[in-house]
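Me: I am new to reading protein models. Please take me through one part of this one closely, and show me how that part sits in the whole.

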Amino acid sequence: MTTVHDPERKKALLLRLKRVEGQLRGIQRLIEADADCEQVAQQLAAARKALDKSFFMMVGCVMAQGDTPADDVAKLLARFA
């Protein structure tokens with residue numbers, strides 16, 4: 001498999017993951033503050049979707065770079081998506 005080579009894409013991916021990290025810290029604070037379970041669940045769902053978007057963004061980078069065969073990208077998606 002390959003790595004993300006494009007510095008702009010790499011920076012965008014890292015920024016997205018830092019936002020997810022912030023979301024997760026916020027969820028921890030909600031739990032510590034005994035927040036309503038529905039509110040925690042809503043934030044967990046949002047963090048999960050943000051992680052999914054990060055994953056697909058990374059796969060898009062791999063595809064755009066063009067140095068990974070399509071079959072390998074398909075295997076990656078089948079394995080982790």
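Me: Which residues make up the largest nonpolar core, and which elements give two or more residues to this core?

Reply: Keep in mind that this is a predicted model. Let's begin with the core itself.

The largest nonpolar core has five residues. They are Phe55, Val59, Val62, Val73 and Leu76. Two elements each give two or more residues to this core: helix 2, residues 37-65, and helix 3, residues 70-80. Helix 2 supplies the largest share, with three residues.

Now pick out Val59. Leave aside residues up to four places away in sequence. Val59 then touches Val73, Leu76 and Leu77.

Next, look from the other side, at Val73. This residue belongs to helix 3. Is Val73 buried or exposed? Its relative accessible area is 7%. The cut-off for buried is under 20%, so Val73 is buried. Set aside its neighbours within four places in sequence, and Val73 is in contact with Val59, Val62, Met63 and Thr68. Two of these names, Val59 and Val62, also appear in the core list. Take Met63 as a distance check. Val73 and Met63 are 10 residues apart in sequence. Their C-alpha atoms are 7.3 Å apart in space.

Stay on helix 2 for one more residue. Ser54 lies in this helix. Ser54 is buried, with a relative accessible area of 4%. What does Ser54 touch, once neighbours within four places in sequence are left aside? The list is Leu13, Arg16, Leu17 and Val20. Helix 1 covers residues 7-32. So the numbering places these four partners of Ser54 within helix 1.

Now step back along the chain. The loop between helix 1 and helix 2 holds Asp34. Asp34 has a relative accessibility of 70%, so Asp34 counts as exposed. Check its backbone too. Most residues other than glycine have a negative phi. Asp34 has a positive phi of about 55°, although it is not a glycine.

Go back further, to the segment before helix 1. Asp6 is found there. Asp6 is partly exposed, with a relative accessible area of 31%. Compare its position with that of Asp72. The two are 66 residues apart along the chain. Their C-alpha atoms are separated by 20 Å.

Now for the whole chain. The secondary structure comes to three helices and zero strands. Read along the sequence, the pattern is α-α-α. Why is the chain called more spread out than a compact globule? Its radius of gyration is 16 Å. The globule rule gives 12 Å for 81 residues. The value for the chain is well over that, so the chain is more spread out than a compact globule. The C-alpha atoms fill a box of roughly 50 × 25 × 15 Å, taken along the principal axes.

How much of the chain is buried? Of the 81 residues, 22% count as buried; Ser54 and Val73 are buried residues you have already met. The accessible surface comes to about 6,000 Å². Carbon and sulfur atoms account for 56% of that surface.

Contacts and charges come last. Take contacts between residues at least 6 apart in sequence. Of these, 63% join residues at least 24 apart. The chain has 13 positive and 11 negative charges. The mean positions of the two sets are 4 Å apart.

Note on methods:
Residues numbered from 1 in each chain as written. Predicted model: local features only at pLDDT ≥ 70, side-chain atom pairs only at ≥ 80, totals over all residues. Heavy atoms only, no water. Core = buried A, V, L, I, M, F, W, Y, C linked by side-chain atoms within 4.5 Å. Buried < 20%, exposed > 50% of the residue type's maximum accessible area, 1.4 Å probe, protein only. Contact = heavy atoms within 4.5 Å. Rg over C-alpha atoms; globule rule 2.2 N^0.38 Å. Areas by Shrake-Rupley, 256 points an atom, 1.4 Å probe, with all protein chains shown as cover. Lys, Arg positive; Asp, Glu negative; His and termini not counted. Charge placed at Lys NZ, Arg CZ, Asp CG, Glu CD.
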